[in-house]
Amino acid sequence: MQSLWEQTAQVPEFPALEGERSTEVLIIGGGMAGVLCAYQLHRAGVPYLLLEAQRLCGGITKNTTAKITSQHGLIYDALISRFGVERARQYLEANQAALQAYRALCRTVDCGFEEKAAYTYCLDDRRKIERELSALQKLGFSAQFADRLPLPFPVAGAVCFPRQAQFHPLKFVSAIAKDLHIYEHTQVRELVGTTAVTDQGRVRAKQVIVTTHFPFLNKHGSYFLKLYQHRSYVIALKNAPDVDGMYLDEAQNGMSFRNYGDLLLLGGGDHRTGKKGGGWRELRAFARRHYPQAEEGYHWATQDCMSLDGVPYIGPYSASTAGLYVATGFNKWGMTTSMVAATLLCDLVQGKENPCAEVFSPSRSILRPQLAVNGFEAVVNLLTPTAKRCPHLGCALKWNPTEHTWDCPCHGSRFTEGGKLIDNPATGDLKH
């Protein structure tokens with residue numbers, strides 16, 4: 001099961017690390033966030049190395065729907081309620097700056113970059129849309145109301161962000177990564193201070209950035225409490241309409257729409273990893289009802305780290321780990337947030353102040369309702385008797401009949417039917 005992006009781009013290959021190395025900054029994890037960190041450090045003239053356990057962008061990045069937008073659902077009304085107007089404005093400005101950075105970079109990169117309006121719609125409650133528009137007005141952002149969309153169902157209303165974007169993520173990575181200092185097939189087994197231990201040698205760094213999707217160090221930062229993972233599914237349809245924009249239901253289990261070339265990408269079927277959901281079955285049933293002439297060209301699934309409060313964790317890994325930084329919890333908005341993370345972290349490792357550092361601080365309060373949900377899932381699955389246990393923290397694994405995998409409901413690790421690791425935070429295969 002390869003995504004559309006995997007089947008239409010060739011990512012450059014890099015050697016494995018051998019022997020001892022020293023550098024100013026070590027980046028662990030070669031997804032979009034890690035690559036952009038490397039790119040920005042490279043341009044700034046800061047010595048760095050990037051280590052990727054398998055292949056560059058071979059984890060979550062290859063399965064994105066590849067929207068570049070500041071519109072992350074109906075988030076701004078919620079951000080103002082939780083953090084106040086100033087923090088919400090900083091979040092918006094950080095994401096708008098990320099969009100502008102992509103726009104500038106993509107002028108010289110052939111990656112299908114297109115400016116499109118982004119819409120978040122609500123099926124049955126116009127007041128949610130009105131509250132979001134009111135919040136954006138407080139932030140000084142010119143969003144628009146829409147109630148007629150080129151979708152095969154009526155909506156109560158939608159918030160429109162003009163001049164957002166979409167692209168081909170792997171063509172973008174292929175273009176910017178080729179001259180970077182990257183080592184593939186080099187898994188970091190342990191961090192001793194800021195020295196990384198691999199099977200092939202050690203890398204001594206002054207500072208370390210962890211961009212491994214789900215952070216792999218359990219004893220710092222409490223990320224096993226602060227994060228859970230969510231799966232969602234995509235089908236790409238031929239002979240389907242051009243919807244001329246990017247569309248997302250405000251409900252977590254709703255649908256998303258965007259085009260790429262002559263394909264319509266439908267997303268949805270969401271569920272917490274290890275739980276049941278609609279999957280491709282739900283999307284295919286929708287396509288049969290509304291686009292009966294369409295043919296499926298590609299299908300794939302992705303997985304996202306979700307934070308407690310809807311804001312990513314970007315900054316110092318914990319209060320007790322000097323020189324160690326993290327970027328995680330992108331809440332399904334990995335493309336825009338990867339650029340936010342790269343900009344913020346590259347400032348921090350160079351000793352520069354960044355105005356949005358507090359917004360994304362991983363040390364902010366964890367006293368959110370989702371914390372109780374995550375704790376409950378962990379307790380239930382730790383106590384569930386089953387032979388299949390996750391090597392991460394010992395939770396009971398659940399069989400996923402849609403994808404034929406063993407999935408962890410606690411923290412989202414996934415394994416093939418034969419026990420081979422697919423998704424972290426586990427760092428090894430199942431033991432038989």
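This passage describes one helix, several salt bridges and two neighbouring strand residues in a predicted model.

Helix 5 comprises the 13 residues 126-138, and the distance between its end C-alpha atoms, 19 Å, agrees with the 18 Å that would be expected at 1.5 Å a residue. The buried residues of this helix are Ile129, Glu132, Leu133, Ala135 and Leu136. Seen down the helix axis, these buried residues fall within an arc of 160°, so they line one face of helix 5. An α-helix has 3.6 residues a turn, so residues three or four places apart point the same way. The buried residues of helix 5 pack against helix 3 (76-83) and against three strands, namely strand 4 (114-122), strand 5 (144-146) and strand 6 (157-166). On the face turned away from this buried side, helix 5 carries the exposed residues Arg127 and Gln137. At the start of the helix, the backbone nitrogen of arginine 127 is approached by a side-chain oxygen of aspartate 125, which reaches to within 3.0 Å of it. Helix 5 is followed by glycine 140, a residue with a positive phi, near 75°.

The structure as a whole holds 21 salt bridges. In one of them, the side chains of lysine 116 and aspartate 244 meet with an N to O distance of 3.0 Å. This pair links distant parts of the chain, given that lysine 116 belongs to strand 4 whereas aspartate 244 is in the loop between strand 11 (228-238) and strand 12 (246-249), 128 residues apart. Lysine 116 has a relative accessible area of 15% and is therefore buried, the limit for that class being under 20%.

A second salt bridge joins the side chains of arginine 284 and glutamate 296, with an N to O distance of 2.8 Å. Arginine 284 lies in helix 8 (residues 279-290) and glutamate 296 in strand 15 (residues 295-306), so this pair ties together parts that are 12 residues apart in sequence. Both partners are partly exposed, arginine 284 with a relative accessible area of 28% and glutamate 296 with a relative accessibility of 35%.

A further salt bridge is formed by arginine 414 and aspartate 423, whose closest N and O atoms are 2.9 Å apart. Arginine 414 counts as buried at 4% relative accessibility, and aspartate 423 likewise counts as buried, at 10%. Through salt bridges that share partners, these two residues belong to one network together with Arg231, Glu403 and Asp407.

Strand 14 (residues 263-272) contains glycine 269 and also aspartate 270. Glycine 269 has 0% relative accessibility and therefore counts as buried. The C-alpha atom of glycine 269 is 7.6 Å from that of methionine 255, a residue 14 places away in sequence. Neighbours within four places in sequence aside, glycine 269 is in contact with Tyr233, Gly277, Gly278, Gly279, Glu282 and Leu283.

Aspartate 270 also counts as buried, at a relative accessibility of 14%. Its side chain makes a polar contact of 2.4 Å with the side chain of lysine 332. When residues up to four places away in sequence are not counted, aspartate 270 touches His230, Arg231, Ser232, Gln252, Asn253, Gly254, Gly277 and Lys332. Among the residues touched by aspartate 270 is thus Arg231, which is also a member of the salt-bridge network that includes Arg414 and Asp423.

Key:
Residues are numbered from 1 along each chain as its sequence is written. This is a predicted model: local features need pLDDT of at least 70, side-chain atom pairs count only at pLDDT 80 or more; totals for chains, interfaces and linings use all residues. Side-chain values use heavy atoms; hydrogens and water are left out. Helices (H or I, at least four residues) and strands (E, at least two) are DSSP runs, numbered from the N terminus. Buried means under 20% relative accessible area, exposed over 50%, partly exposed in between (1.4 Å probe, protein chains only). Contact means heavy atoms within 4.5 Å. The expected span of a helix is 1.5 Å times one less than its number of residues. The arc is that of the directions from the helix axis to the C-beta atoms. A polar contact is a pair of N or O atoms within 3.5 Å; within protein, one must be able to donate a hydrogen and the other to accept it, and residues adjacent in sequence count only if both atoms are side-chain atoms. A salt bridge is a side-chain nitrogen of Lys or Arg within 4 Å of a carboxyl oxygen of Asp or Glu.
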